[in-house]
Amino acid sequence: MKINEITCKTGLSASRLPGLDYALNPYRGCEHNCVYCYAPAVLKEKRRWGSFVDVKRNLPNILAKELKKKEKGRIGIGTVTDAYQPAEKKYGITRRCLEILLKHDFPVCIQTKSSLILRDVDILKKFSEKEIGFTITTIDDEIRKKYEPYSSSVEERLNALRILGENNIHTWVFIGPVMPYITEKNIDKLIENIAKAGVKNVLVDRLNLKLGMWEKIKNFLSKNYPELIPEYERILFTKNDYFEKVENKIFMICEEYGIKCEKAF
Ligand code: SF4
């Protein structure tokens with residue numbers, strides 16, 4: 001893993017994601033290295049994703065200046081990176097940004113796969129508006145290790161959700177992207193555990209291929225589930241209702257547990 005300390009010129013960028021006014025990404029690159037990550041396609045990043053992290057050392061200073069002029073709006077932290085990836089433990093850029101954001105009390109929304117976020121509960125709970133989403137795409141940690149290798153375990157994520165909820169921080173789970181047959185396996189057990197963690201909202205999203213993603217996913221499948229390749233090709237490249245059926249199944253199970261489930265975007 002190559003860690004580069006860099007300086008940035010801007011902090012907040014306008015966000016086109018629904019419900020967000022701004023995006024703030026303390027790092028470029030992500031150590032979690034999820035096989036289905038769309039961030040390199042969005043960023044048009046040529047370097048191998050998962051092999052580098054650019055640490056925006058001066059981001060807190062830039063942000064402090066920007067916030068004096070910006071209109072208040074909802075900030076998504078970690079829209080094309082994970083703000084709580086391992087580098088954050090050493091550099092603390094996300095934490096310092098949160099301290100600055102808290103002074104202006106901008107609403108914050110963080111999506112992560114790391115229980116490191118618990119380190120910042122003391123700050124997070126002071127925001128007037130805050131919400132934390134954890135991505136969980138399988139209940140099986142052996143599978144998680146294969147396709148989200150350097151993220152927190154499923155158990156750690158569920159535990160973090162419970163603790164955040166106990167601290168009156170609104171939480172949700174993003175079941176996405178739905179990885180055909182893999183996410184579906186034991187989906188009822190996953191939703192049962194999400195409910196046990198006190199989560200009341202779930203977002204679900206299908207696997208949408210962007211440039212370069214299929215090669216990486218196919219490579220992952222060849223090593224781990226070669227028998228699924230023809231099925232993935234059918235689901236992803238022909239007209240069919242696979243995702244609709246899985247989404248309906250997830251909606252129904254969530255309803256049983258009193259969880260509000262919506263499609264993302
Ligand atoms: S945690 Fe998010 S940004 Fe990081 S590799 Fe995984 S999907 Fe990409």
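This is a short dialogue about helix packing, an aromatic pair, backbone features and a ligand shell in a predicted model.

Visitor: Why are H9 and H10 called roughly antiparallel?

Guide: Helix H9 spans residues 213-224 and helix H10 residues 229-237. They pack at an angle of about 155°, with axes 10 Å apart. Angles over 145 degrees count as roughly antiparallel. Therefore H9 is roughly antiparallel to H10.

Visitor: Which residues make the contact of H9 and H10?

Guide: H9 brings Trp214, Ile217, Lys218, Leu221 and Ser222. H10 brings Ile229, Tyr232, Glu233, Leu236 and Phe237. By class, this contact of H9 with H10 has seven nonpolar residues, one polar and two charged. The crossing of H9 and H10 is right-handed.

Visitor: What makes H8 oblique to H11?

Guide: The two helices pack at about 40°, with their axes 10 Å apart. Roughly parallel needs an angle under 35 degrees, and roughly perpendicular runs from 65 to 115. The angle of about 40° fits neither class, so H8 is oblique to H11.

Visitor: Which residues of H8 and H11 meet?

Guide: Ile187, Asp188 and Ile191 of H8 meet Lys249, Ile250, Ile253 and Cys254 of H11. The contact of H8 with H11 divides into five nonpolar, no polar and two charged residues. H8 passes H11 in a right-handed crossing.

Visitor: How do you know that H2 and H4 are roughly parallel?

Guide: Helix H2 covers residues 59-67 and helix H4 residues 93-104. Their axes come within 9 Å and cross at roughly 15°. The limit for roughly parallel is under 35 degrees. H2 and H4 are therefore roughly parallel to each other. Their crossing is right-handed.

Visitor: What fills the contact between H2 and H4?

Guide: From H2 come Leu59, Pro60, Leu63, Ala64 and Leu67. From H4 come Ile93, Arg96, Cys97, Ile100, Leu101 and His104. Nine residues of the contact of H2 with H4 are nonpolar, one is polar and one is charged.

Visitor: How many aromatic pairs does the structure hold?

Guide: The structure holds eight aromatic pairs. Tyr181 and Tyr242 form a tilted pair, because their planes stand at 40° and their ring centres lie 5.3 Å apart.

Visitor: Why is 40° between the planes called tilted?

Guide: Stacked planes are under 30 degrees apart, edge-to-face planes over 60, and the rest are tilted. The 40° of Tyr181 and Tyr242 falls into the rest, so the pair is tilted.

Visitor: What makes this pair a tie between parts of the chain?

Guide: Tyr181 lies in the loop between strand S9 (170-178) and helix H8 (187-196). Tyr242 lies in helix H11 (residues 242-256). The pair therefore ties together parts that are 61 residues apart in sequence.

Visitor: What sets Asn33 and the bond from Gly176 to Pro177 apart?

Guide: Most residues other than glycine have a negative phi, and most peptide bonds are trans. Asn33 is not a glycine, yet has a positive phi of about 55°. Asn33 is found in the loop between strand S4 (27-28) and helix H1 (39-43). The peptide bond from Gly176 to Pro177 is cis, with omega near -5°. Pro177 is found in strand S9.

Visitor: Which residues surround the ligand?

Guide: Asn33 is one of them. The others are Cys30, His32, Cys34, Cys37, Trp49, Thr81, Asp82 and Lys113. The shell around the ligand has four nonpolar, three polar and two charged residues.

Conventions: Residues are numbered from 1 along each chain as its sequence is written. This is a predicted model: local features need pLDDT of at least 70, side-chain atom pairs count only at pLDDT 80 or more; totals for chains, interfaces and linings use all residues. Side-chain values use heavy atoms; hydrogens and water are left out. A residue is near a molecule or strand if one of its heavy atoms lies within 4 Å of it. Ala, Val, Leu, Ile, Met, Phe, Trp, Tyr, Cys and Pro count as nonpolar, Asp, Glu, Lys and Arg as charged, and the others, Gly among them, as polar. Axes are lines fitted to C-alpha atoms, for helices over the stretch in contact, and angles run from 0 to 180 degrees between N-to-C directions. Helices (H or I, at least four residues) and strands (E, at least two) are DSSP runs, numbered from the N terminus. A crossing is left-handed if the near helix is turned anticlockwise from the far one by less than a right angle, and right-handed if clockwise. Contact means heavy atoms within 4.5 Å. Rings of Phe, Tyr and Trp (its six-membered ring) pair if their centres lie within 6.5 Å; planes under 30 degrees apart count as stacked, over 60 as edge-to-face and the rest as tilted.
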